[in-house]
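Thank you all for making time this morning. I would like to walk you through one model, beginning with its backbone and then moving on to a sheet and a patch on the surface.

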Amino acid sequence: MSENPAYPVGLRLTGRRVLVLGGGTVAQRRLPALLAAGADVRLIAPAVTPSVQAMADAGELTWEPRGYRPGDVEGAWYVLVATDDREVNEAVSAEAEERRVWCVRSDDAAAATAWTPATGRGDGVTVAVLTGHDPRRSAAVRDAVVEGLRDGTLSAPRHRVRRQGVALVGGGPGDPGLITVRGRQLLAEADVVIADRLGPRDLLDELPPHVEVVDAAKIPYGRAMAQQAINDALVEHARAGKFVVRLKGGDPFVFGRGKEEAQALAEAGIAVTVVPGVTSAISVPSAVGIPVTHRGVAHEFTVVSGHVGPDDPRSLVDWKSLAALRGTLVLLMAVERMPVIAEALIRFGRPADTPVAVVQEGTTAAQRRLDATLGTVADRIAREGIRPPAIVVVGDVVAVG
(Lines give C-alpha, C1' and ligand atoms only; values in the text may rest on other atoms or scores of the structure.)
Protein backbone atom coordinates (compact mmCIF):
# COMPACT_ATOMS: atom_id res chain seq x y z
CA MET A 1 0.00 0.00 0.00
CA SER A 2 1.27 3.51 -0.79
CA GLU A 3 1.87 6.14 1.85
CA ASN A 4 -0.67 8.47 0.25
CA PRO A 5 -3.29 9.63 2.76
CA ALA A 6 -6.60 7.80 2.83
CA TYR A 7 -9.50 9.48 1.09
CA PRO A 8 -12.22 10.12 3.70
CA VAL A 9 -15.80 9.35 2.74
CA GLY A 10 -19.07 8.80 4.56
CA LEU A 11 -20.79 5.55 3.59
CA ARG A 12 -24.59 5.52 3.46
CA LEU A 13 -25.27 1.93 4.42
CA THR A 14 -28.99 2.00 5.11
CA GLY A 15 -30.47 -1.27 3.85
CA ARG A 16 -27.17 -2.34 2.28
CA ARG A 17 -25.44 -5.63 3.08
CA VAL A 18 -22.40 -5.46 5.35
CA LEU A 19 -20.46 -8.65 5.99
CA VAL A 20 -18.73 -9.09 9.35
CA LEU A 21 -16.37 -12.02 9.90
CA GLY A 22 -15.69 -12.80 13.55
CA GLY A 23 -17.82 -12.40 16.66
CA GLY A 24 -15.28 -11.33 19.28
CA THR A 25 -14.65 -8.05 21.04
CA VAL A 26 -13.56 -6.20 17.89
CA ALA A 27 -16.85 -7.03 16.19
CA GLN A 28 -18.70 -6.17 19.41
CA ARG A 29 -17.18 -2.68 19.32
CA ARG A 30 -17.82 -2.07 15.62
CA LEU A 31 -21.31 -3.52 15.27
CA PRO A 32 -23.30 -0.78 17.09
CA ALA A 33 -22.16 1.90 14.63
CA LEU A 34 -23.00 -0.30 11.64
CA LEU A 35 -26.44 -1.02 13.08
CA ALA A 36 -26.98 2.66 13.85
CA ALA A 37 -26.19 3.40 10.19
CA GLY A 38 -29.06 1.09 9.19
CA ALA A 39 -26.84 -1.55 7.61
CA ASP A 40 -28.14 -5.03 6.84
CA VAL A 41 -25.48 -6.87 8.85
CA ARG A 42 -24.63 -10.50 8.12
CA LEU A 43 -22.30 -11.92 10.76
CA ILE A 44 -20.36 -15.13 10.20
CA ALA A 45 -18.54 -16.64 13.18
CA PRO A 46 -18.51 -20.03 14.93
CA ALA A 47 -18.96 -18.30 18.30
CA VAL A 48 -19.78 -14.79 19.50
CA THR A 49 -19.58 -12.75 22.70
CA PRO A 50 -22.72 -12.50 24.89
CA SER A 51 -23.30 -8.91 23.74
CA VAL A 52 -23.14 -9.91 20.07
CA GLN A 53 -25.42 -12.85 20.87
CA ALA A 54 -27.93 -10.38 22.33
CA MET A 55 -27.85 -8.31 19.12
CA ALA A 56 -28.58 -11.42 17.09
CA ASP A 57 -31.33 -12.57 19.45
CA ALA A 58 -32.95 -9.14 19.18
CA GLY A 59 -33.01 -9.43 15.39
CA GLU A 60 -30.62 -6.52 14.87
CA LEU A 61 -28.37 -8.66 12.68
CA THR A 62 -28.23 -12.09 11.04
CA TRP A 63 -25.75 -14.48 12.61
CA GLU A 64 -24.60 -17.64 10.85
CA PRO A 65 -22.73 -19.80 13.43
CA ARG A 66 -20.01 -21.17 11.16
CA GLY A 67 -16.66 -20.33 9.63
CA TYR A 68 -15.91 -18.43 6.42
CA ARG A 69 -16.62 -20.03 3.04
CA PRO A 70 -15.51 -18.73 -0.37
CA GLY A 71 -18.34 -16.74 -1.90
CA ASP A 72 -19.52 -15.18 1.39
CA VAL A 73 -18.53 -11.73 0.16
CA GLU A 74 -21.05 -11.94 -2.68
CA GLY A 75 -23.65 -9.16 -2.41
CA ALA A 76 -21.80 -7.19 0.27
CA TRP A 77 -21.11 -3.46 -0.04
CA TYR A 78 -18.63 -3.40 2.81
CA VAL A 79 -16.67 -6.05 4.72
CA LEU A 80 -15.23 -6.05 8.21
CA VAL A 81 -12.77 -8.86 8.94
CA ALA A 82 -12.20 -9.42 12.65
CA THR A 83 -11.22 -13.06 13.21
CA ASP A 84 -8.09 -14.28 15.00
CA ASP A 85 -7.16 -16.55 12.06
CA ARG A 86 -4.73 -14.75 9.74
CA GLU A 87 -5.27 -17.20 6.86
CA VAL A 88 -9.03 -16.63 6.99
CA ASN A 89 -8.50 -12.86 7.13
CA GLU A 90 -6.25 -12.98 4.07
CA ALA A 91 -8.72 -15.17 2.15
CA VAL A 92 -11.66 -12.86 2.87
CA SER A 93 -9.58 -9.80 2.04
CA ALA A 94 -8.52 -11.36 -1.27
CA GLU A 95 -12.12 -12.21 -2.18
CA ALA A 96 -13.22 -8.66 -1.35
CA GLU A 97 -10.41 -7.26 -3.51
CA GLU A 98 -11.44 -9.51 -6.40
CA ARG A 99 -15.07 -8.39 -6.11
CA ARG A 100 -14.11 -4.71 -5.64
CA VAL A 101 -15.66 -4.50 -2.18
CA TRP A 102 -14.02 -2.24 0.41
CA CYS A 103 -12.62 -4.33 3.23
CA VAL A 104 -11.41 -3.44 6.73
CA ARG A 105 -8.99 -5.76 8.53
CA SER A 106 -8.54 -5.62 12.28
CA ASP A 107 -5.29 -7.62 12.18
CA ASP A 108 -3.40 -5.78 9.43
CA ALA A 109 -4.38 -2.24 8.52
CA ALA A 110 -1.67 -2.02 5.89
CA ALA A 111 -3.21 -4.93 3.97
CA ALA A 112 -6.75 -3.55 4.13
CA THR A 113 -8.44 -1.49 1.41
CA ALA A 114 -10.33 0.62 3.96
CA TRP A 115 -9.71 1.91 7.47
CA THR A 116 -12.19 2.49 10.26
CA PRO A 117 -11.68 5.99 11.63
CA ALA A 118 -11.94 6.91 15.28
CA THR A 119 -15.55 8.05 15.29
CA GLY A 120 -17.71 10.00 17.69
CA ARG A 121 -20.88 12.06 17.62
CA GLY A 122 -21.83 15.30 19.27
CA ASP A 123 -24.52 17.91 18.65
CA GLY A 124 -25.68 16.21 15.46
CA VAL A 125 -22.15 16.07 14.01
CA THR A 126 -20.23 12.91 13.19
CA VAL A 127 -16.50 13.30 13.81
CA ALA A 128 -14.20 10.79 12.08
CA VAL A 129 -10.44 11.02 12.54
CA LEU A 130 -7.72 9.18 10.61
CA THR A 131 -4.03 9.54 11.46
CA GLY A 132 -2.72 6.63 9.45
CA HIS A 133 -0.82 4.33 11.77
CA ASP A 134 -1.46 6.02 15.13
CA PRO A 135 -4.93 4.93 16.32
CA ARG A 136 -4.39 6.29 19.83
CA ARG A 137 -3.80 9.77 18.47
CA SER A 138 -6.89 9.41 16.29
CA ALA A 139 -8.93 8.55 19.36
CA ALA A 140 -7.45 11.45 21.34
CA VAL A 141 -8.25 13.99 18.61
CA ARG A 142 -11.76 12.57 18.23
CA ASP A 143 -12.39 12.75 21.98
CA ALA A 144 -11.20 16.35 22.17
CA VAL A 145 -13.45 17.48 19.32
CA VAL A 146 -16.51 15.51 20.48
CA GLU A 147 -16.13 16.69 24.06
CA GLY A 148 -15.90 20.29 22.86
CA LEU A 149 -19.09 19.88 20.82
CA ARG A 150 -20.89 18.18 23.67
CA ASP A 151 -20.02 20.66 26.41
CA GLY A 152 -20.36 23.73 24.21
CA THR A 153 -16.72 24.85 24.43
CA LEU A 154 -16.31 24.14 20.71
CA SER A 155 -19.12 25.89 18.92
CA ALA A 156 -19.76 26.27 15.22
CA PRO A 157 -22.89 28.23 14.26
CA ARG A 158 -25.49 26.55 12.09
CA HIS A 159 -25.91 28.22 8.73
CA ARG A 160 -28.23 26.17 6.55
CA VAL A 161 -30.67 25.24 9.33
CA ARG A 162 -30.80 27.55 12.33
CA ARG A 163 -32.31 26.33 15.55
CA GLN A 164 -35.75 27.81 16.24
CA GLY A 165 -38.00 28.33 19.24
CA VAL A 166 -37.22 28.23 22.94
CA ALA A 167 -35.30 25.81 25.11
CA LEU A 168 -36.15 25.61 28.80
CA VAL A 169 -32.81 24.51 30.21
CA GLY A 170 -32.26 23.28 33.75
CA GLY A 171 -28.88 24.68 34.72
CA GLY A 172 -28.38 22.64 37.87
CA PRO A 173 -27.74 23.88 41.42
CA GLY A 174 -25.13 26.55 40.60
CA ASP A 175 -21.81 24.88 39.83
CA PRO A 176 -21.35 25.43 36.06
CA GLY A 177 -19.94 21.91 35.73
CA LEU A 178 -23.29 20.44 36.74
CA ILE A 179 -25.31 21.67 33.77
CA THR A 180 -26.20 18.79 31.45
CA VAL A 181 -24.32 18.23 28.21
CA ARG A 182 -27.49 18.94 26.24
CA GLY A 183 -28.10 22.14 28.17
CA ARG A 184 -24.63 23.45 27.45
CA GLN A 185 -24.93 22.58 23.77
CA LEU A 186 -28.12 24.62 23.42
CA LEU A 187 -26.68 27.48 25.45
CA ALA A 188 -23.80 27.69 22.95
CA GLU A 189 -26.34 28.21 20.12
CA ALA A 190 -28.50 30.83 21.82
CA ASP A 191 -29.22 34.25 20.39
CA VAL A 192 -30.96 35.32 23.60
CA VAL A 193 -30.53 33.93 27.12
CA ILE A 194 -33.17 34.73 29.74
CA ALA A 195 -31.41 33.78 32.95
CA ASP A 196 -32.48 33.11 36.53
CA ARG A 197 -30.45 34.27 39.49
CA LEU A 198 -30.05 30.65 40.61
CA GLY A 199 -28.73 29.38 37.29
CA PRO A 200 -25.00 28.77 36.67
CA ARG A 201 -23.94 32.43 36.39
CA ASP A 202 -20.35 31.64 35.36
CA LEU A 203 -21.58 30.28 32.03
CA LEU A 204 -22.96 33.68 31.03
CA ASP A 205 -19.43 35.04 30.81
CA GLU A 206 -18.60 32.44 28.15
CA LEU A 207 -21.35 33.59 25.78
CA PRO A 208 -20.29 35.37 22.56
CA PRO A 209 -20.69 39.17 22.56
CA HIS A 210 -23.69 39.09 20.21
CA VAL A 211 -25.82 37.05 22.63
CA GLU A 212 -28.40 39.15 24.48
CA VAL A 213 -28.75 38.29 28.18
CA VAL A 214 -32.01 39.15 29.94
CA ASP A 215 -31.95 39.16 33.74
CA ALA A 216 -35.03 37.32 35.03
CA ALA A 217 -33.89 37.12 38.65
CA LYS A 218 -36.44 36.62 41.40
CA ILE A 219 -34.86 37.91 44.61
CA PRO A 220 -36.83 37.00 47.76
CA TYR A 221 -38.56 40.12 49.06
CA GLY A 222 -36.58 42.15 46.54
CA ARG A 223 -36.43 43.02 42.88
CA ALA A 224 -38.00 40.51 40.57
CA MET A 225 -39.11 40.11 36.99
CA ALA A 226 -42.78 39.13 36.99
CA GLN A 227 -43.61 35.74 35.52
CA GLN A 228 -45.89 37.27 32.90
CA ALA A 229 -43.07 39.57 31.80
CA ILE A 230 -40.80 36.53 31.45
CA ASN A 231 -43.42 34.71 29.36
CA ASP A 232 -43.86 37.79 27.17
CA ALA A 233 -40.10 38.12 26.65
CA LEU A 234 -39.79 34.47 25.63
CA VAL A 235 -42.56 34.85 23.06
CA GLU A 236 -41.32 38.20 21.76
CA HIS A 237 -37.75 37.08 21.12
CA ALA A 238 -38.79 33.75 19.61
CA ARG A 239 -41.23 35.47 17.24
CA ALA A 240 -38.38 37.73 16.14
CA GLY A 241 -36.66 34.62 14.76
CA LYS A 242 -34.15 34.25 17.58
CA PHE A 243 -33.27 31.04 19.34
CA VAL A 244 -33.98 31.62 23.02
CA VAL A 245 -32.60 29.69 25.99
CA ARG A 246 -34.43 30.10 29.27
CA LEU A 247 -31.64 29.23 31.71
CA LYS A 248 -33.09 28.18 35.04
CA GLY A 249 -31.60 26.90 38.27
CA GLY A 250 -32.06 23.24 39.13
CA ASP A 251 -34.68 21.50 37.01
CA PRO A 252 -37.29 23.53 35.08
CA PHE A 253 -40.17 21.41 36.37
CA VAL A 254 -39.17 21.25 40.06
CA PHE A 255 -40.62 24.44 41.56
CA GLY A 256 -39.27 26.26 38.52
CA ARG A 257 -42.48 27.35 36.78
CA GLY A 258 -41.20 25.60 33.70
CA LYS A 259 -44.58 24.20 32.79
CA GLU A 260 -46.17 27.65 32.98
CA GLU A 261 -43.61 28.94 30.49
CA ALA A 262 -44.02 25.91 28.23
CA GLN A 263 -47.79 26.43 28.19
CA ALA A 264 -47.44 30.12 27.35
CA LEU A 265 -45.12 29.29 24.47
CA ALA A 266 -47.38 26.50 23.21
CA GLU A 267 -50.35 28.86 23.22
CA ALA A 268 -48.28 31.28 21.12
CA GLY A 269 -47.44 28.50 18.65
CA ILE A 270 -43.75 28.44 19.51
CA ALA A 271 -41.76 25.21 19.59
CA VAL A 272 -40.42 24.32 23.05
CA THR A 273 -37.57 22.02 24.03
CA VAL A 274 -37.34 21.03 27.69
CA VAL A 275 -33.90 20.03 28.98
CA PRO A 276 -34.09 18.46 32.46
CA GLY A 277 -31.58 19.72 35.00
CA VAL A 278 -29.83 18.41 38.09
CA THR A 279 -32.25 19.38 40.86
CA SER A 280 -30.85 21.04 43.96
CA ALA A 281 -33.13 18.88 46.10
CA ILE A 282 -30.76 15.94 45.61
CA SER A 283 -27.50 17.46 44.39
CA VAL A 284 -27.00 20.01 47.17
CA PRO A 285 -27.32 17.47 50.00
CA SER A 286 -24.98 15.20 48.02
CA ALA A 287 -22.46 18.02 47.70
CA VAL A 288 -22.05 18.10 51.50
CA GLY A 289 -22.09 14.33 51.90
CA ILE A 290 -25.75 13.82 52.81
CA PRO A 291 -27.57 10.99 50.99
CA VAL A 292 -31.31 11.58 50.78
CA THR A 293 -31.74 7.79 51.07
CA HIS A 294 -29.49 5.28 52.80
CA ARG A 295 -29.84 1.56 53.40
CA GLY A 296 -31.29 0.88 56.83
CA VAL A 297 -31.89 4.59 57.49
CA ALA A 298 -34.32 6.05 54.93
CA HIS A 299 -36.24 4.29 52.19
CA GLU A 300 -38.02 7.41 50.96
CA PHE A 301 -37.51 11.11 50.52
CA THR A 302 -40.06 13.86 49.99
CA VAL A 303 -39.36 17.21 48.37
CA VAL A 304 -41.52 20.05 49.69
CA SER A 305 -41.84 23.72 48.85
CA GLY A 306 -41.69 25.95 51.89
CA HIS A 307 -42.47 29.20 50.10
CA VAL A 308 -45.72 29.35 52.09
CA GLY A 309 -45.90 28.12 55.68
CA PRO A 310 -48.18 25.48 57.24
CA ASP A 311 -50.44 28.22 58.62
CA ASP A 312 -50.96 29.82 55.22
CA PRO A 313 -54.30 28.98 53.54
CA ARG A 314 -52.50 28.85 50.19
CA SER A 315 -50.39 25.87 51.29
CA LEU A 316 -51.12 22.64 49.39
CA VAL A 317 -48.95 20.51 51.70
CA ASP A 318 -50.45 18.03 54.16
CA TRP A 319 -48.03 18.83 56.96
CA LYS A 320 -49.63 16.40 59.41
CA SER A 321 -49.09 13.46 57.05
CA LEU A 322 -45.64 14.76 56.21
CA ALA A 323 -44.62 14.75 59.87
CA ALA A 324 -45.70 11.13 60.18
CA LEU A 325 -43.31 9.94 57.48
CA ARG A 326 -40.12 8.19 58.60
CA GLY A 327 -38.03 9.14 55.60
CA THR A 328 -36.10 12.25 54.59
CA LEU A 329 -37.73 15.64 54.08
CA VAL A 330 -36.03 18.05 51.67
CA LEU A 331 -37.39 21.56 52.00
CA LEU A 332 -36.84 24.15 49.27
CA MET A 333 -37.50 27.89 49.67
CA ALA A 334 -38.08 27.32 53.38
CA VAL A 335 -35.38 29.31 55.21
CA GLU A 336 -37.58 32.28 56.21
CA ARG A 337 -40.41 30.02 57.34
CA MET A 338 -38.44 27.42 59.29
CA PRO A 339 -39.81 28.63 62.66
CA VAL A 340 -43.41 27.79 61.70
CA ILE A 341 -42.42 24.72 59.64
CA ALA A 342 -40.34 23.21 62.45
CA GLU A 343 -43.08 23.96 64.98
CA ALA A 344 -45.71 22.26 62.80
CA LEU A 345 -43.59 19.15 62.18
CA ILE A 346 -42.90 18.77 65.92
CA ARG A 347 -46.55 19.43 66.81
CA PHE A 348 -47.66 16.72 64.37
CA GLY A 349 -45.26 14.14 65.78
CA ARG A 350 -41.80 14.53 64.30
CA PRO A 351 -39.29 14.28 67.18
CA ALA A 352 -37.64 17.57 68.16
CA ASP A 353 -34.22 15.90 68.19
CA THR A 354 -34.47 14.88 64.51
CA PRO A 355 -31.19 15.88 62.79
CA VAL A 356 -31.42 18.82 60.39
CA ALA A 357 -28.89 20.29 57.97
CA VAL A 358 -29.21 23.60 56.16
CA VAL A 359 -27.00 24.11 53.10
CA GLN A 360 -26.71 27.63 51.73
CA GLU A 361 -25.64 28.22 48.12
CA GLY A 362 -24.79 24.57 47.63
CA THR A 363 -22.19 23.52 45.01
CA THR A 364 -20.86 27.09 44.71
CA ALA A 365 -17.78 28.73 46.22
CA ALA A 366 -20.03 30.33 48.86
CA GLN A 367 -21.42 26.99 50.10
CA ARG A 368 -22.15 26.78 53.85
CA ARG A 369 -23.53 23.94 55.96
CA LEU A 370 -25.28 24.35 59.29
CA ASP A 371 -26.20 21.35 61.46
CA ALA A 372 -28.95 21.46 64.05
CA THR A 373 -32.05 19.59 65.19
CA LEU A 374 -35.67 20.22 64.37
CA GLY A 375 -36.04 21.91 67.76
CA THR A 376 -33.06 24.24 67.34
CA VAL A 377 -32.85 24.90 63.60
CA ALA A 378 -34.92 28.10 63.54
CA ASP A 379 -32.76 29.77 66.19
CA ARG A 380 -29.55 28.56 64.54
CA ILE A 381 -30.61 29.95 61.15
CA ALA A 382 -31.29 33.36 62.69
CA ARG A 383 -28.08 33.35 64.74
CA GLU A 384 -25.85 32.26 61.86
CA GLY A 385 -27.43 34.58 59.31
CA ILE A 386 -28.37 31.83 56.86
CA ARG A 387 -30.14 33.27 53.82
CA PRO A 388 -31.61 31.98 50.56
CA PRO A 389 -30.92 30.09 48.45
CA ALA A 390 -30.65 27.21 50.88
CA ILE A 391 -31.80 23.62 51.13
CA VAL A 392 -33.07 22.17 54.43
CA VAL A 393 -32.70 18.42 54.98
CA VAL A 394 -34.65 16.83 57.82
CA GLY A 395 -34.04 13.23 58.85
CA ASP A 396 -31.60 10.66 60.19
CA VAL A 397 -29.63 10.70 56.92
CA VAL A 398 -28.08 13.98 58.08
CA ALA A 399 -26.13 12.06 60.73
CA VAL A 400 -24.96 9.21 58.47
CA GLY A 401 -21.18 9.00 58.56
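**Backbone, sheet and surface**

Let me start with R257, which sits in the loop between β11 (244–248) and α7 (258–267); please keep in mind throughout that what you see is a predicted model. The phi of R257 is positive, at about 60 degrees, although this residue is not a glycine. As a matter of background, most residues other than glycine have a negative phi, and most peptide bonds are trans. R257 counts as partly exposed because its relative accessible area is 44%, and partly exposed is the class between 20% and 50%.

There is another residue to discuss under this heading, namely R100, whose phi is near 60 degrees and therefore positive in a residue other than glycine. You will find R100 in the loop between α3 (86–98) and β5 (102–105), and with a relative accessible area of 79% R100 is exposed.

Staying with the backbone, which two residues are joined by a cis peptide bond? They are P388 and P389, and omega there is about 0 degrees. P389 belongs to the loop between α11 (377–384) and β17 (390–394).

Let me now turn to the sheet, an open one in which 5 strands follow the order β10-β9-β11-β8-β12 with parallel pairing. The edges are taken by β10 (212–215) and β12 (272–275), and each of these has a single partner strand, so one side of each remains without a neighbour in the sheet. From one strand to the next, the twist averages 20 degrees.

For β12 the pairing is with β8 (residues 166–170), in the parallel sense and over 4 bridges, and if you look along these strands you can pick out A167, whose bridge partner in β12 is T273. Helix α7, which follows the loop that holds R257, packs on the sheet and touches β8, β11 and β12, with a direction that makes about 175 degrees with that of β8. Helix α5 (residues 181–188) lies across β8, β9 (192–195), β11 and β12, and runs at about 140 degrees to β12.

Finally, the surface, where Y7, V9 and L11 make a nonpolar patch of about 390 Å². Y7 is in the segment before β1 (17–21), and Y7 is exposed, given its relative accessible area of 73%.

How values were computed: Residues numbered from 1 in each chain as written. Predicted model: local features only at pLDDT ≥ 70, side-chain atom pairs only at ≥ 80, totals over all residues. Heavy atoms only, no water. Patch = residues over 30% accessible without salt bridge, like charges linked within 9 Å, V, L, I, M, F, W, Y side chains within 5 Å. Areas by Shrake-Rupley, 256 points an atom, 1.4 Å probe, with all protein chains shown as cover. Salt bridge = Lys/Arg side-chain N within 4 Å of Asp/Glu carboxyl O. Helix = DSSP H or I, 4+ residues; strand = E, 2+ residues; numbered from the N terminus. Buried < 20%, exposed > 50% of the residue type's maximum accessible area, 1.4 Å probe, protein only. Pairing = 2+ DSSP bridges. Axes fitted to C-alpha atoms, helices over the stretch in contact; angles between N-to-C directions. Contact = heavy atoms within 4.5 Å.
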